[in-house]
Amino acid sequence: MMNAFKAGDFRTFVKYNNAALVTQMGGEEEFTKYMEAEMKAMQGVEFREMRSGKILRLLKNVQPMQCIIEQYSELSVNNMPVSSVSHLIGVSADSGKTWR
């Protein structure tokens, strides 16, 4: 997901997003178009690094399986460095083989 985002491959990025969000955005094609337009509109913003951190929580005893993962981001906004730590929620409907 992060590699696709950094590469500007929003078709792949959308496939890793929560299915309910994809539906809310009008489907994969519309979500992809939205992401492409938003990224073009972000003048002066450069994403330098995005990487996953620790798995903070893994819920195996619920269906679908769920997890919370740290995400580290470094970007530049008008040549000013910005760092952040956020959290991603992963959902797996196939016992952890694939995650969205």
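Which residues form one aromatic cluster? In this predicted model, the cluster is made up of F5, F10, F13 and F47, and its surroundings are described below after an outline of the fold.

The protein contains four helices and three strands, and from the N terminus on these elements follow the order α-α-α-α-β-β-β. The C-alpha trace spans about 45 × 30 × 20 Å along its principal axes. Of the 100 residues of the protein, 21% count as buried, and the accessible surface comes to about 6900 Å², with 53% of that area belonging to carbon and sulfur atoms. When contacts between residues at least 6 apart in sequence are considered, 39% of them join residues at least 24 apart.

The strands are connected by two antiparallel pairings. Strand β1, which covers residues 45-59, pairs with strand β2, residues 65-77, in the antiparallel sense over 11 bridges, and a hairpin of five residues joins β1 to β2. Within this pairing, F47 stands opposite L75 in β2, while S52 stands opposite Q71 in β2. Strand β2 also runs antiparallel to strand β3, residues 80-92, to which it is joined by 13 bridges; here C67 stands opposite G90 in β3. The hairpin of β2 and β3 has two residues between the strands, and in this hairpin N78 takes a positive phi near 50 degrees.

The largest nonpolar core consists of 10 residues in all, namely M2, A4, F5, F10, F13, V14, V22, F31, M35 and M50. The elements that contribute two or more residues to this core are the helices α1 (2-7), α2 (10-15) and α4 (28-41). M50, a member of the core, lies within the residue range of strand β1. Apart from its neighbours within four places in sequence, M50 is in contact with M2, F5, K6, Q71, Y72 and S73; of these, M2 and F5 also belong to the core, whereas Q71, Y72 and S73 fall within the range of strand β2.

Aromatic residues of the core also pair with one another, and the structure holds four aromatic pairs. In one of them, F5 and F10 have their ring centres 5.9 Å apart and their planes at 80 degrees, so the pair is edge-to-face. Both partners are covered from solvent by the criterion applied: F5 counts as buried because its relative accessibility of 11% is under 20%, and F10 is likewise buried, because its relative accessible area is 7%. F5 takes part in a further aromatic pair, with F13, which is tilted, the distance being 5.4 Å centre to centre and the angle 55 degrees between the planes. F13 is buried, as is F5. The residues F5, F10 and F13 are thus found both in the nonpolar core and in the aromatic cluster, where they are joined by F47, the residue that stands opposite L75 in β2.

Charged side chains supply another set of contacts. Side chains of opposite charge can pair when their charged atoms come close, and in this model the count comes to four salt bridges. One of them is formed by the side chains of R11 and E29, which meet at 2.9 Å, N to O. This pair links distant parts of the chain, with R11 in helix α2 and E29 in helix α4, 18 residues apart. R11 is partly exposed, with a relative accessible area of 47%, and E29 is partly exposed as well, with a relative accessible area of 38%.

A salt bridge within a single helix is formed by E30 and K33, whose closest N and O atoms are 3.7 Å apart. Both residues lie in helix α4, three residues apart, about one turn of the helix. Relative accessible areas of 39% for E30 and 42% for K33 place each of these residues in the partly exposed class. A further salt bridge brings together the side chains of R51 and E49, at 2.9 Å, N to O, and both residues lie within the range of strand β1. R51 counts as partly exposed at 39% relative accessibility, and E49 counts as partly exposed at 29%.

How values were computed:
Residues numbered from 1 in each chain as written. Predicted model: local features only at pLDDT ≥ 70, side-chain atom pairs only at ≥ 80, totals over all residues. Heavy atoms only, no water. Pairing = 2+ DSSP bridges. Core = buried A, V, L, I, M, F, W, Y, C linked by side-chain atoms within 4.5 Å. Buried < 20%, exposed > 50% of the residue type's maximum accessible area, 1.4 Å probe, protein only. Contact = heavy atoms within 4.5 Å. Areas by Shrake-Rupley, 256 points an atom, 1.4 Å probe, with all protein chains shown as cover. Phe/Tyr/Trp six-rings, centres within 6.5 Å; stacked < 30°, edge-to-face > 60°.
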